[in-house]
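Hi everyone, thanks for making time today. I'd like to walk you through a structure that may be new to you, so let's put it up on the screen.

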Amino acid sequence: MNSTILKSVSKPGRYSGGEYGQIIKDKSAVDCRVAFCFPDTYEIGMSNLGMRILYGVLNTEEGIWCERAFAPWTDMTEQMKRHHLPLCAMESGDPLSAFDFVAFTLQYELCYTTVLQMLNLSGIPLSAAARGEDMPIVVGGGHCAFNPEPMADFFDIFSIGEGEEAWPELCRLYRGMKADGRYSRAAFLHEAAKIEGFYVPSLYTVSYKADGTIEGFAPKYDDIPKRIRKRIVKDLDKVYYPTKTYLPFIETVQDKMVLEVYRGCIRGCRFCQAGMVCRPVREKSVDRLFDDAKCMYANSGYDEMTLSSLSISDYSKIDELTDRFVEFTTQNHISLSLPSLRLDSFTRELMDKVSTVRTGSLTFAPEAGTQRLRDAINKNVCEADLLRAVNVAFDVGKSAVKLYFMNGLPTETDEDIAGIADLAARVIDAFYKNQNHNRQRRPSVTVSVSCFVPKPFTPFQWEKQDTAQELMRKQELLKSKITDRKIIYNYHDADVSFLEAVFARGDRRLCAAIAKAAERGFMFDAWSEYFHLDKWMEVFAEVGIDPYYYATRGFGLDEVLPWDIIDIGVTKEFLAREREKAYAGIPTDNCREKCSGCGANSLGGERRCCP
Amino acid sequence: MLPVREKVIHTTVRIRFSKVGDLQYISHLDLHRTFCRLFVRAGVPVWYSEGYSPHPHLVFATPLSVGAESLCEYLDVSIVGTPEEIDIPDIRARLADTGIAGLTVEDVYLPSTKFSSITDSDYRIEIVTSGADARLARACEDVLCEAPLCTVKRTKSGEREVDISAQIRKVSVDFADGRIKIAARLCADSSSFLNPEYLVKILRERCGVLCGDPMCESYSILRTAVYAGDKEFQ
Ligand code: SF4
């Protein structure tokens with residue numbers, strides 16, 4: 001990158017590369033080059049575990065060179081446009097258009113315009129149909145790919161589910177077809193569609209009913225699947241893990257060792273997409289985790305390590321694991337953090353173990369203010385659990401607690417909103433009632449409330465979202481209920497959640513709006529300074545799309561949903577059953593207590609609790 | 001409850017290193033983390049502070065602005081052991097290959113001076129600009145030798161005009177290899193450190209350098225020596 005330009009932009013270390021652990025290969029010795037793109041800033045992308053895994057696993061293969069690319073910040077984008085500089089990969093500095101594959105991980109819906117800007121900067125046509133033989137194959141993956149339809153026009157292929165075994169297969173197919181002369185773009189896409197876990201949207205036609213709902217998906221060939229089954233790694237103990245990876249120079253969002261303990265979730269909160277799409281639960285053994293940790297430490301020199309998974313305390317051998325880690329981390333001055341602690345698992349013993357070096361802030365997620373609503377969403381925790389957990393914290397001198405809630409959940413009433421304020425007040429009371437409380441400090445409770453977004457593949461996928469007006473009314477209501485200055489109240493922008501719902505539940509017709517938005521120069525919608533709902537509403541109006549149709553309309557149970565083309569293993573029948581139970585206020589046992597027949601066991605693998 | 005740890009004897013070890021190429025875009029704060037990790041990977045027995053959050057103790061000699069390269073950076077780090085116990089050649093060997101392009105450990109030794117004795121730094125600034133010739137070089141030299149030499153400095157409390165002539169100890173400008181080449185000795189003590197970027201800024205404003213197409217013009221700043229009074233800093 002040109003030095004004058006680097007010196008003129010903010011944080012040039014985002015672009016200069018050369019990080020320890022990056023992988024440089026001889027271009028002439030590889031025949032498959034992948035540019036793995038993260039559609040957000042370097043600092044966020046470099047913290048992403050999925051990217052580290054795929055980067056590492058692809059680079060273990062001779063003949064494949066996987067590099068990284070990130071979205072340039074707006075000041076750099078402007079410079080690049082002005083001087084006609086294409087977007088390049090970090091390692092080789094080659095433009096993305098020169099690669100065989102350009103892969104994007106779609107982590108959140110509001111990154112969609114950034115994806116298109118990155119393609120624009122690379123000179124790659126946005127529309128998959130317009131890409132010539134010499135253009136890269138553009139592949140999307142990540143959580144948002146579970147409903148790929150709103151981005152269907154822009155991607156040649158979507159990778160559905162876990163990628164570390166699927167991706168090498170895709171590259172093998174590509175290299176094979178290139179080597180024996182069978183390769184053409186069309187022939188390759190047709191073959192790719194036959195590999196489990198790959199969806200080629202252009203090979204499926206969508207038809208619509210007169211009322212605008214989807215009639216069905218029709219594959220264009222007989223030899224490609226009618227539904228695309230997500231991929232899972234069958235045995236986590238045997239699969240690659242990035243124990244040696246790139247280390248950023250500049251500060252990033254999560255700059256530490258990340259040890260993935262298990263995948264999936266035994267819980268089944270009814271609003272949570274990750275809990276459903278990552279099923280079934282597969283764990284790593286304590287031995288493998290310990291080996292990986294030692295390896296990671298030796299290869300990186302990091303002094304922080306975090307254990308990652310959807311709900312760490314649900315790991316079946318959590319005590320054994322933390323016991324083994326305590327000595328190792330203390331000896332090497334590594335601070336160990338356990339995020340995503342459920343409040344019913346928060347014990348003094350656990351806290352002592354993880355605080356040997358450093359203690360972080362305390363965060364719990366009751367999600368709802370009343371027991372009735374917590375039962376409805378299947379968040380199986382009760383107030384007693386919360387009070388017990390905060391007392392553990394207050395006993396050791398802590399005084400600040402952060403609580404996460406959600407507004408706009410199905411069946412929510414004003415009583416449930418008031419319940420949030422009551423719960424926070426009872427935590428403050430608990431502080432003063434605790435004999436051992438810290439006399440030097442005032443207690444503080446931060447109440448952080450997000451807005452419910454009905455997500456595909458959850459029991460609430462059919463639900464309508466509250467209108468932004470209604471969400472704002474609820475936010476004001478809660479504000480009026482919180483009178484104690486020791487309670488700090490934060491809430492999310494309802495407009496942002498509205499747009500998230502549109503994209504999360506959208507179908508292919510939304511591509512027109514996203515393309516139009518990109519044409520207008522939208523990017524970084526996830527950054528509040530670049531988020532403008534009014535401009536989006538103009539775009540929707542211009543292309544004749546009603547965004548409320550996707551966000552605030554309840555979907556019919558018999559409707560074909562845009563994401564029905566994808567099969568995550570969990571059945572629609574199970575989700576519908578769970579929805580009924582939500583209305584009846586009946587919780588569901590977690591997978592360890594009792595299998596509730598969600599269907600994910602059909603995916604196979606070394607499952608922890610499935611029959 | 002604080003973990004009980006015995007007091008560990010430690011000694012300050014000095015590292016001289018160079019930081020060139022794309023590492024110029026990495027700040028000293030970033031480099032701090034980079035070195036901490038490097039020490040762990042290399043098995044250098046760094047000392048950790050006591051208390052709740054133990055961390056290594058590293059101090060850099062003098063600031064280096066982002067966008068400047070250097071052949072002579074100094075870093076003091078606390079290493080476990082008495083001066084007699086510390087195996088300097090071993091540490092030197094462990095740090096011989098940093099694995100990071102542009103970062104080279106030049107020397108490791110037990111220091112006999114303090115960072116506070118540093119007074120000046122030498123810089124080589126090279127400018128590729130349209131219209132570069134001997135006359136432009138002379139004009140640049142004339143400007144940089146002016147006293148007073150005023151420029152707007154951005155500080156925490158806002159912008160203010162300052163005279164930097166006293167912080168420029170020596171300066172000469174030549175034209176060679178199609179470039180404007182500046183050799184400057186600038187104040188580097190902590191109270192009156194002068195960032196060499198100001199020289200470029202003044203020349204840009206007053207001599208019209210670097211005002212053309214950024215794709216064809218560029219400049220580089222390289223710190224070549226650090227002084228304690230008249231002697232090179234050790
Ligand atoms: S099959 Fe049963 S145990 Fe397995 S994930 Fe589904 S509900 Fe849980």
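**A first look at chain B and its partner**

Let's start with chain B, where 49% of the 234 residues are buried. Please keep in mind that this is a predicted model. The predictor is fairly open about its confidence: the pLDDT of chain B averages 93, and 97% of the residues score at least 70.

What is chain B built from? You can pick out four helices and eleven strands. Its C-alpha trace spans about 65 × 35 × 35 Å along the principal axes. Now think about who touches whom: of the contacts in chain B with a separation of 6 or more, 75% are between residues 24 or more positions apart.

On the outside, chain B exposes about 11300 Å², and 51% of that comes from carbon and sulfur atoms. As for charge, there are 28 positive and 33 negative side chains in chain B, with the centres of the two sets 3 Å apart.

Now let's bring in the partner. For the complex, the predictor reports an ipTM of 0.92 and a pTM of 0.95. How many residues does each chain bring to the contact? Chain A brings 29 residues, and chain B brings 29 residues too. Between them, the two chains bury about 2600 Å², with 59% of it on carbon and sulfur atoms. And which residues of chain A lose the most area to chain B? They are Lys7(A), Phe249(A) and His333(A), which together make up 28% of what that side buries.

Thanks for listening, everyone!

Methods:
Residues numbered from 1 in each chain as written. Chains lettered and ligands numbered in written order. Predicted model: local features only at pLDDT ≥ 70, side-chain atom pairs only at ≥ 80, totals over all residues. Heavy atoms only, no water. Helix = DSSP H or I, 4+ residues; strand = E, 2+ residues; numbered from the N terminus. Buried < 20%, exposed > 50% of the residue type's maximum accessible area, 1.4 Å probe, protein only. Contact = heavy atoms within 4.5 Å. Areas by Shrake-Rupley, 256 points an atom, 1.4 Å probe, with all protein chains shown as cover. Lys, Arg positive; Asp, Glu negative; His and termini not counted. Charge placed at Lys NZ, Arg CZ, Asp CG, Glu CD. pLDDT = per-residue confidence, 0-100. Buried area = accessible area lost by both parts, 1.4 Å probe.
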